[in-house]
Amino acid sequence: MDSDTIAAVATPAGAGGIGVVKISGPRAIPIALPLLHPSRELSRLRSHRLYYGSVIDPETEKYIDEVLLTVMRAPHTYTREDVVEIQAHGSRCGLRAILELVLKQGARLAEPGEFTRRAFLNGRIDLSQAEAVIEVVNAQTAEGLELAARQLKGHLFEVVEEVRGPIETMLVEVEAAIDFPEDVEDIICPEVFAQRMTQDVIRSLEELLEHYDEGHVYREGVAVIIIGRPNVGKSSLMNRLLQKERSIVTAVPGTTRDFIEEVVNIEGVPIRLIDTAGLHDTDNALEAAGIGFTRERLDEAGLVLFMVDCSMPLSDEDLQIYNMVRNRKTILVINKIDLGDYSIVRRIIEQLEGLSWVEISALYNRGLEKLKAAVFREVTDQRGPADLCSIVPNLRHKVAIDKALRASRDAVEGFRTGRPAELLAVDLKEALDALGEIIGVTATEEILDQVFSRFCIGK
């Protein structure tokens, strides 16, 4: 374990009412105290108390800021080390000056996620809880926050440990059979072991995977791209869904020459809405570049909103776009119904067969609730707000669960076909290690680096 004392600004960049410099490690308190005036004796500082004072440069006696200093003694801290937090005004310059003084006193600048990494390494939280910290910070909807908070409380850890228990027990018994081959028939009852694996392990893992399929969109969101030829109302739709003027709307074709991306909350799902350049043939180099971006983003989208103008028949450009999206998950958005002729609408639906459709008027805000419901239904396969299950693994967890499930099924097959105990042990160990990756028991340094690279400095 790194014995350095680390420090960083723990609040977001930018001006604010309050900013925090956080220090953690064996020298956190001795490093912070010389900066606080009036000074305090180390032995007199009580844990988890606020102390008022000013930060002054010990060398120049230059006044920096008025602060509150919090001392938290190990092990009852976030990192299970001594921790000091200096709460100052949220000035970027002021916080940087305080941090520089702390570093001069002997602290080291923390790496991204290093405070949480120390909390994990010191046994305060498991790896799934560490991941939940960044998911709480990054949550974009109340539902996403709820899922992250449940994981932070250790619900996933409890389920994984419940599944690992039977595997560990069977692995011990199989290894005993390896050590005492003459007693293998007394130690291993193949049908009983296969039944235990199926009921206690495989069904639980399958349920976790079902939870991922049902709920991961609430945590990770979905990219939804709006495409169509110029002037069909894509930017107007974007503005209506966001309830603000984000895209420029004019009667001039080709106004949107790049793509604009914003997040909108639809029934708790963070939808990354992408407004794109109109798809059409053009000699304008800038427009052509924007159209190129549109084609690239189309491949990344989880759902396509293909928009057409029902005030006129379909054009060749509309039909070309239809051929691009007809085999993707797509909703046909028939816009300008306030201007359209129903016979044209019916003809559009006939020509663009195979697509579900919603009729709207972006200008008059008609049909938008039906469109939102259709988007929610497509990205979640549900017809109404979800009853969120208590545990939804993230993508890293899903990969590990998949691996554990394959190994568990191989073990069941091995029990039933009389596979040698040595090979059964390999399958059980693989399942055990895969689940251990989720909570950090068997996580490699590479996995830890991948997890904590998502964090910012100061968390």
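Start by selecting strand S1 (6-9) and helix H2 (92-104): each supplies at least two residues of the lining of the second largest pocket. Keep in mind as you look around that this is a predicted model. Of these and the other contributors, H2 gives the largest share of that lining, with four residues.

Now show the space itself. The second largest pocket holds about 410 Å³. Its lining has 19 residues, and those closest to the centre are Val 9, Ala 10, Thr 11, Ala 13 and Ile 457. Try colouring the lining by class: you will find 11 nonpolar, three polar and five charged residues.

Next, leave the pocket and turn to the largest nonpolar core, which has 37 residues. Good ones to pick out are Val 174, Leu 205, Phe 415 and Leu 428, the residues with the most contacts inside this core. Then display the helices around them: H6 (155-179), H8 (190-220), H14 (395-417) and H15 (421-439) are the elements that give two or more residues to the core. H15 gives the most, with 10 residues.

Zoom in on Phe 415. Which residues does Phe 415 touch, not counting those up to four places away in sequence? Select Val 174, Ile 188, Pro 190, Phe 193, Ala 194, Met 197, Leu 424 and Leu 428, and you have its partners.

For the last stop, select Leu 147, Val 232, Ile 260 and Ile 331. These are among the 32 residues of a second core, separate from the one you just visited. As background to both stops, nonpolar side chains tend to be buried together in soluble globular proteins.

Technical notes. Residues numbered from 1 in each chain as written. Predicted model: local features only at pLDDT ≥ 70, side-chain atom pairs only at ≥ 80, totals over all residues. Heavy atoms only, no water. 1 Å grid on protein atoms, 1.4 Å probe; cavity = no way out; pocket = protein on both sides within 12 Å on 5 of 7 lines; lining within 4 Å. Points joined across faces, edges and corners; volume = space filled by probe spheres on them. Nonpolar A, V, L, I, M, F, W, Y, C, P; charged D, E, K, R; others polar. Core = buried A, V, L, I, M, F, W, Y, C linked by side-chain atoms within 4.5 Å. Buried < 20%, exposed > 50% of the residue type's maximum accessible area, 1.4 Å probe, protein only. Contact = heavy atoms within 4.5 Å.
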